[in-house]
There are 2 protein chains.
Amino acid sequence: MKKEQYLIDGIDKIILNRLINDARTPILSIAREVGISGAAIHQRLRKLEASGILAGSKFVLNPKVLGYKTLAFVGIFLESSSKYKDAVNRLKEIEEVVESHYTTGNYAIFVKISCKDNEHLMQVLNHRIQNIKGVSRTETFISLEQQIDRQIKI
Amino acid sequence: MKKEQYLIDGIDKIILNRLINDARTPILSIAREVGISGAAIHQRLRKLEASGILAGSKFVLNPKVLGYKTLAFVGIFLESSSKYKDAVNRLKEIEEVVESHYTTGNYAIFVKISCKDNEHLMQVLNHRIQNIKGVSRTETFISLEQQIDRQIKI
DNA sequence: CCTGAAATTGCTACGGT
DNA sequence: ACCGTAGCAATTTCAGG
């Protein structure tokens, strides 16, 4: 007995596709586009949220305008994988770490870091990440240009 | 003559911090919290948007509930860096590619890919990415668990 | 799954300090 | 430069088919 996956129809897709790129899109403009009432849109949104498909909405900040001009990926090697849990808890305390993944392949942990400049990145690497117990070494890739940033198509 | 960076005050921070985690937070609830009118909040939001700090708002989908359970990072080696522009344009056509970066270090291009399962990931790697002219080889890291996902603190 | 009505909130123009 | 009031449009909830 497989758990039923919520089925979204064409109207749900239109709603989500409009709101994915602008969470403040007027509901009524979507309502007019698909030909149902605004209240019906709200009901569908509540269902999508209850199903977990809709995880929330966010305002997106531009890090560069705030002075955060260096984006980097850092692969972290651990002395042993048993140190993972502690290490990730320490990473959470570092504000510059915006993503953290436990990965297959060379690294144990793979993080995305947002810093003001390369000097700031060096400080975070040498004084914060390398100080975490269990971290043996790191490999850094600086993003010089990001050309794609989107969500999966529905 | 350095370009002046827009200065955000405490009220701006409260506004942004509330909207970062929920773009549909009622403006009036923020207004009551900080003790100014809703109109004043709107004026500040317009300024923040004009300054570029506020890049927009998005609905966040949960890929797993939609059946996208495999998240992976792929480092792409190019035969020569002159192929970058063409390669990234081909990557844009692959829906599963949700991020693409031009990076320093081992790889030329570094992408984040969202797939339904490992088989789907293999298809994307072998039949889509490896088919791009100029791509010599790839290295893949599958994210087994993502513990951190946030924006820079303001 | 939908509509329509009622209350609340969003948004903008204009004026005040 | 920053804020408030006012007015209309949109959002959101609720009752009901």
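## A walk from one threonine to two DNA strands

Let's start small, with B:Thr25, which sits in the loop between α1 (10-21) and α2 of chain B. Helices here are DSSP runs of H or I with at least four residues, numbered from the N terminus. Before going on, keep in mind that this is a predicted model: local features need pLDDT of at least 70, side-chain atom pairs count only at pLDDT 80 or more, and totals for chains, interfaces and linings use all residues. Residues are numbered from 1 along each chain as its sequence is written, chains are lettered from A and ligands numbered from 1 in the order in which they are written, and side-chain values use heavy atoms, with hydrogens and water left out.

Is B:Thr25 buried or exposed? With a relative accessible area of 6%, B:Thr25 is buried (buried means under 20%, exposed over 50%, partly exposed in between, using a 1.4 Å probe and protein chains only). Its side chain reaches two backbone oxygens: that of B:Asp22 at 2.6 Å and that of B:Arg18 at 3.4 Å. These are polar contacts, meaning pairs of N or O atoms within 3.5 Å; within protein, one atom must be able to donate a hydrogen and the other to accept it, and residues adjacent in sequence count only if both atoms are side-chain atoms. Setting aside neighbours within four places in sequence, B:Thr25 is also in contact (heavy atoms within 4.5 Å) with A:Arg24, B:Arg18, B:Leu19 and B:Ile30.

B:Ile30 takes us on to a pair of helices, since B:Ile30 is among the residues of α2(B) that meet α3(B). The axes of α2 (residues 27-34) and α3 (residues 38-51) of chain B come within 8 Å and cross at roughly 105°. That makes α2(B) roughly perpendicular to α3(B). Axes are lines fitted to C-alpha atoms, for helices over the stretch in contact, with angles from 0 to 180 degrees between N-to-C directions; under 35 degrees counts as roughly parallel, over 145 as roughly antiparallel, 65 to 115 as roughly perpendicular and the rest as oblique. On the α3(B) side, the partners are B:Gly38, B:Ile41, B:His42 and B:Leu45.

Now for the DNA. Around strand C there are 15 residues, the closest being A:Ser37, A:Gln43, A:Lys47, B:Ile27 and B:His42 (near means that a heavy atom of the residue lies within 4 Å). Of the strand C atoms within 4 Å of the protein, 65% belong to sugar or phosphate and the rest to bases. A backbone N or O atom of A:Ser37 lies 2.8 Å from a phosphate oxygen of this strand, and a polar side-chain atom of A:Arg44 lies 2.9 Å from one. Which helix gives the most to the surface near strand C? That is α3(A), with 5 residues.

DNA strand D is surrounded by 16 residues, and A:Pro26, A:Ile27, A:His42, B:Ser37 and B:Lys47 are the closest. Sugar and phosphate make up 60% of the strand D atoms that come within 4 Å of the protein. Phosphate oxygens of strand D lie 2.6 Å from a polar backbone atom of A:Leu28, 2.6 Å from a polar backbone atom of B:Ser37, and 2.8 Å from an N or O atom in the side chain of A:Arg46. Here α3(B) gives the most to the surface, with 5 residues.
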